[in-house]
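Colleague: I am new to this structure, and I would like to understand the reasons behind the words used for it. Could you show it to me before I start asking?

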Amino acid sequence: VSGTRYLVNTPELDLVDLLKVDGVKWIEPRSPMELFNNVADSIIDVDTAWDSLGLDGTGQVVAISDSGLDTGVDDHNITGDIHHDFDNRATIVNWAGSSPDDEHGHGTHVAGSVAGNGARSSGNIKGMAYNSSIYFQAIMDNFGQLQTPSNLSQLFTQSYNAGARVHTNSWGSQLSSLFGAYTTDSYDVDWSMWYHPDMLILFAAGNDGMDANSDGRIDSNSVSPPATAKSTLTVGASENLRSSGGFQGTWGSGWPADFPASPISGDRPSNNSNGIAAFSSRGPLDDGRIKPDVVAPGTNILSTKSSQSSSTGWGSYNSYYLYNGGTSMAAPITAGMAVLIRQFYNGTLGMSSPSAALMKATIINGATDLYPGQYGASSPTTREIDGRPDMNQGWGRINLKDSVDPDSGIVSFVDNSTGISTGENLARMFRVLSSDTELRLTLAWSDYPGSLFAGKQLINDLDLILYAPNGTAYRGNDFSYPFDDSTDSINPVEGIAVKSPSPGWWKVKVEGSNIPRGPQHFALVASGNISEMMSNMMLFDRRFYSID
Ligand SMILES: [Ca+2]
Ligand SMILES: [Ca+2]
Ligand SMILES: [Ca+2]
Ligand SMILES: [Ca+2]
């Protein structure tokens with residue numbers, strides 16, 4: 001528009017009068033500078049990747065099992081009508097009750113974080129994979145109860161057959177006696193991932209974090225099954241960064257019984273993106289496994305509102321969107337990011353079928369360590385986070401850029417689908433080019449389903465071992481000096497991090513320590529200022545050529 005522009009702050013009704021003024025050619029609403037769902041997007045570096053990497057979910061199918069999806073925003077009498085943010089992109093199947101409508105509102109909010117396209121907000125309030133297809137399984141009955149099939153694998157197989165390769169779930173058991181336990185549902189999740197190794201299944205960790213003993217620190221062991229499954233990506237909640245809208249009280253004012261003591265009681269839920277949401281369920285699990293795997297923003301998340309629900313969650317926004325909080329909100333944000341990562345592997349790297357283990361390892365490897373959290377490091381009694389990995393943040397807060405396209409260095413990976421057996425190993429060489437970037441390695445595998453009631457759930461045990469140019473050894477998940485004197489035999493994820501790695505040739509080995517149900521396929525991801533990982537043959541090259 002040519003001519004002089006004026007920014008006018010006026011009640012909407014006065015605009016009519018303004019139009020009558022001579023010389024006024026055009027009036028438009030000022031597009032707000034405030035970020036919406038983009039708050040979460042920018043915290044996890046998805047907003048930059050939308051543009052720089054061209055990732056938006058195109059060509060991907062994401063499955064969501066939840067209460068229902070708003071099917072009546074325009075006209076409740078039209079079957080298949082839907083909230084505009086999902087128009088023409090959703091397939092809805094009804095698993096419980098008389099219809100897949102969303103009278104609860106939970107499922108519509110979750111779906112918006114995964115894949116809403118912001119049609120009702122000029123694109124401002126959109127989900128992570130906003131151009132993906134949605135396969136929605138409505139699992140809530142007419143009485144507001146979730147009715148999941150007695151064998152959960154039915155849900156996963158159905159969505160797998162519909163083309164979904166990422167499946168997200170923001171529900172779980174509420175029984176405190178089952179926190180940390182490996183249940184039939186956990187088994188079903190692992191079974192499904194063993195038989196469909198290219199479908200990543202995510203679960204919210206649960207909202208049962210509390211400080212029952214009033215010591216100012218959230219108590220351990222509150223992860224809800226089936227988030228206790230081994231191969232699933234279990235997502236806890238970190239704090240969003242939003243100083244207005246939604247719930248702006250303190251943890252103690254909102255939930256006085258759960259958070260009675262300082263510093264948690266006086267803290268606000270979305271004032272520090274390096275903090276963990278107080279309610280986020282904590283590990284470890286009963287068998288000692290590390291959970292959650294990662295965290296993502298899960299407080300005051302702005303997403304789609306079901307027109308069929310009167311619930312306002314953590315706060316109203318308008319007829320089409322509302323604020324909510326929970327690991328229920330963190331899991332779909334992570335699922336949406338997983339869809340983008342899969343698109344990256346499919347499109348940019350040309351892999352037709354990246355494994356779930358590769359996507360999990362990629363997400364974990366790029367996660368940001370939030371140590372020490374929002375209450376400082378000085379007091380060990382109130383320090384929120386112990387350091388990557390720990391039972392509060394898992395391996396840290398998800399970050400799309402650092403997972404696939406870091407600003408410094410590269411990401412290199414092995415997606416092994418043939419598997420290894422006991423006593424076998426895979427070795428790779430790579431060269432550290434500069435010590436300016438942390439060297440990280442992450443090994444993950446979708447393990448054979450565990451045995452109910454067993455003291456230990458891990459079946460197939462792989463070990464990750466790294467050798468520096470001077471021969472110093474590092475073993476997976478040994479984060480205390482010396483870094484090679486303990487071996488992890490309970491987790492299906494192993495990590496190594498070297499802050500300032502020496503330049504030169506390094507060797508990494510994945511060993512089949514004990515594989516009763518093999519061969520075990522796996523994924524290995526490495527990042528840093530490094531060369532690509534190369535097969536062991538390069539070791540012999542080194543003897544013939546003086547590379548150093
Ligand atoms: Ca406590
Ligand atoms: Ca806070
Ligand atoms: Ca191991
Ligand atoms: Ca050690």
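**Reasons behind the terms**

Modeller: Please keep in mind that this is a predicted model. We can begin with the calcium ion (ligand 4), whose donors follow the spacing D-x1-S-x1-P-x2-D along the chain.

Colleague: What makes an atom a protein donor of the calcium ion (ligand 4)?

Modeller: For calcium, an N, O or S atom counts as a donor if it lies within 3.2 Å of the metal. The donors here are Asp478 (OD), Asp478 (OD), Ser480 (O), Ser480 (OG), Pro482 (O) and Asp485 (OD), and they lie 2.3 to 3.2 Å from the ion, so they meet that cut-off.

Colleague: Why is the arrangement around the calcium ion (ligand 4) called irregular?

Modeller: Six donors count as octahedral if opposite donors are over 155 degrees apart and all others between 65 and 115. The 6 donor atoms around this ion subtend angles of 53 to 144°, and the arrangement is therefore irregular.

Colleague: Why is Asp478 called buried, and why is Pro482 called partly exposed?

Modeller: Buried means under 20% relative accessible area, and partly exposed lies between that and the cut-off of over 50% for exposed. Asp478 has 5% relative accessibility and so counts as buried, whereas Pro482, with a relative accessible area of 32%, is partly exposed.

Colleague: Which residues coordinate the calcium ion (ligand 1), and how are the donor residues spaced in sequence?

Modeller: Asp211 (OD), Asn213 (OD1), Asp215 (OD), Arg217 (O) and Asp219 (OD) coordinate this ion at 2.1 to 2.3 Å, and in sequence they are spaced D-x1-N-x1-D-x1-R-x1-D. One of them, Asp211, is buried, because its relative accessible area is 0%.

Colleague: What coordinates the calcium ion (ligand 3)?

Modeller: The calcium ion (ligand 3) is coordinated at 2.2 to 2.3 Å by Asp461 (OD), Leu462 (O), Asp463 (OD), Asp488 (O) and Glu494 (OE), with the spacing D-L-D-x24-D-x5-E in sequence. Asp461 counts as buried because its relative accessibility is 6%, and Asp463 does so because its value is 4%.

Colleague: How do you know that Asp386 and Arg217 form a salt bridge?

Modeller: A salt bridge needs a side-chain nitrogen of Lys or Arg within 4 Å of a carboxyl oxygen of Asp or Glu. For the side chains of Asp386 and Arg217 the distance from N to O is 2.8 Å, so the pair satisfies the rule. Asp386 lies in the loop between H9 and H10 and Arg217 in the loop between S5 and S6, so the pair ties together parts that are 169 residues apart in sequence.

Colleague: What links Arg217, Arg383 and Asp386 in a network?

Modeller: These residues are linked by salt bridges: besides the pair with Arg217, Asp386 meets Arg383 at 3.8 Å, N to O. Arg383, at 19% relative accessibility, counts as buried because the cut-off is under 20%, while Arg217, at 22%, counts as partly exposed.

Colleague: What makes helix H9 largely enclosed by the rest of the structure?

Modeller: In helix H9 (residues 356–365), 10 of the 10 residues are buried, and the helix is therefore largely enclosed. Among the buried residues are Lys360 and Asn365.

Colleague: Why do strands S8 and S9 stand at the edges of their sheet?

Modeller: The sheet is open, with 3 strands in the order S8-S10-S9 and antiparallel pairing. Strand S8 (301–304) and strand S9 (315–316) each have a single partner strand, so one side of each is left without a neighbour in the sheet. Helix H4 (residues 106–115) packs on the sheet, touching S8 and S10, and its direction makes about 105° with that of S8.

Colleague: How do you know that S8 pairs with strand S10?

Modeller: Pairing requires at least two bridges, and 4 bridges join S8 to strand S10 (residues 321–324), so the two strands count as paired. In one of the bridges, Thr304 has Tyr321 in S10 as partner.

Colleague: What is notable about phi in Ser122, and why is Ser122 called exposed?

Modeller: Most residues other than glycine have a negative phi. Phi of Ser122, however, is near 55°, a positive value. Ser122 is found in the loop between H4 and strand S3 (133–138), and the residue is called exposed because its relative accessible area is 74%, where the cut-off is over 50%.

Technical notes: Residues are numbered from 1 along each chain as its sequence is written. Chains are lettered from A and ligands numbered from 1 in the order in which they are written. This is a predicted model: local features need pLDDT of at least 70, side-chain atom pairs count only at pLDDT 80 or more; totals for chains, interfaces and linings use all residues. Side-chain values use heavy atoms; hydrogens and water are left out. Donors are N, O and S atoms within 2.8 Å of the metal (3.2 Å for Na, K and Ca); water is not among the atoms, so sites may look incomplete. Buried means under 20% relative accessible area, exposed over 50%, partly exposed in between (1.4 Å probe, protein chains only). Helices (H or I, at least four residues) and strands (E, at least two) are DSSP runs, numbered from the N terminus. Four donors count as tetrahedral if all angles lie between 85 and 135 degrees; four count as square planar and six as octahedral if opposite donors are over 155 degrees apart and all others between 65 and 115; anything else is irregular. Contact means heavy atoms within 4.5 Å. Axes are lines fitted to C-alpha atoms, for helices over the stretch in contact, and angles run from 0 to 180 degrees between N-to-C directions.
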